[in-house]
Amino acid sequence: SWGVCVAFRHTHAPFLVAQVAKHVAALCTQQHGVRVVQQLLHEAASAGMDISAAVGSLLEGELGYLAAHPFGNYAVQAALRHAAPSQRVAMLDALLPSTLALSGSKHGSNVAEMLLMLASVEQLEAVRRQIFGPPDTPVDLAELPQLRALMSSPFGNYVLQALLRKLKDGRRSAALQLVERHISDDNFGRAILAAASSA
């Protein structure tokens with residue numbers, strides 16, 4: 001795998017991009033294969049080469065499965081970083097509805113954090129509503145199962161922290177109040193608040 005990466009770095013051979021695009025799904029589920037995908041996407045994008053076929057193959061394949069896969073998540077993150085804006089939007093549209101599901105696993109939570117970092121204001125608001133409910137509406141904590149799940153998850157709590165960093169003023173303070181009201185000894189609420197206060 002490193003031989004392919006080194007060869008591509010020196011040659012920028014378009015046929016390597018085409019071959020990776022053709023076999024991206026299989027490569028992404030192998031430890032050494034995903035390294036090739038990551039390096040090739042990075043190097044090709046840095047050199048101004050067209051990576052749309054490789055990103056398109058990810059979009060047309062099992063993107064949600066790869067986003068939570070132990071190896072595939074790295075390729076999804078690389079594609080999100082280096083894709084053309086239109087393909088990045090398509091990836092966000094495909095994956096953001098699964099943010100909460102991705103947040104429950106170590107590998108998926110890395111992708112979920114990146115999704116939140118790249119999401120538009122409207123997309124962030126949709127995720128915020130899923131977790132915290134409608135704005136300016138009194139909410140019973142029992143009605144917030146997604147918030148409780150994220151606060152209790154060793155991976156999801158980092159996704160929640162990423163969301164809190166992206167929220168603006170009033171939305172952020174209201175969300176932090178709900179987190180504070182739901183702190184317990186068996187969740188990560190204190191760590192979430194500490195991270196939010198240092199951000």
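Colleague: How many residues apart in helix H11 are Arg128 and Glu125?
Modeller: This is a predicted model. Helix H11 covers residues 121–132, and it holds both Arg128 and Glu125. The two are separated by about one helical turn, because their spacing in the helix is three residues.

Colleague: How far apart are the closest N and O atoms of Arg128 and Glu125?
Modeller: A salt bridge needs a side-chain nitrogen of Lys or Arg within 4 Å of a carboxyl oxygen of Asp or Glu. Arg128 and Glu125 form such a bridge, and their closest N and O atoms lie at 2.8 Å.

Colleague: Are Arg128 and Glu125 buried or exposed?
Modeller: Buried means under 20% relative accessible area. Arg128 and Glu125 both count as buried.

Colleague: Which helix holds Arg171, the salt-bridge partner of Glu125?
Modeller: The side chains of Glu125 and Arg171 meet at 3.2 Å, N to O. Glu125 sits in helix H11, so the pair ties together parts 46 residues apart in sequence. Arg171 belongs to residues 169–181, which form helix H14.

Colleague: Is Arg171 buried, partly exposed or exposed?
Modeller: The partly exposed class runs between 20% and 50%. Arg171 has 35% relative accessibility, so the residue counts as partly exposed.

Colleague: Which residues are linked in a network of salt bridges?
Modeller: Glu125 pairs with Arg128. Glu125 also pairs with Arg171. The network links Glu125, Arg128 and Arg171.

Colleague: Which residue forms a salt bridge with Arg190?
Modeller: Arg190 is exposed, and its partner is exposed too. Their closest N and O atoms are 3.8 Å apart, and the partner is Asp185.

Colleague: What does the count of salt bridges come to?
Modeller: Glu125 bridges to Arg128 and to Arg171. Arg190 bridges to Asp185. The count of salt bridges is three.

Conventions:
Residues are numbered from 1 along each chain as its sequence is written. This is a predicted model: local features need pLDDT of at least 70, side-chain atom pairs count only at pLDDT 80 or more; totals for chains, interfaces and linings use all residues. Side-chain values use heavy atoms; hydrogens and water are left out. Helices (H or I, at least four residues) and strands (E, at least two) are DSSP runs, numbered from the N terminus. Buried means under 20% relative accessible area, exposed over 50%, partly exposed in between (1.4 Å probe, protein chains only).
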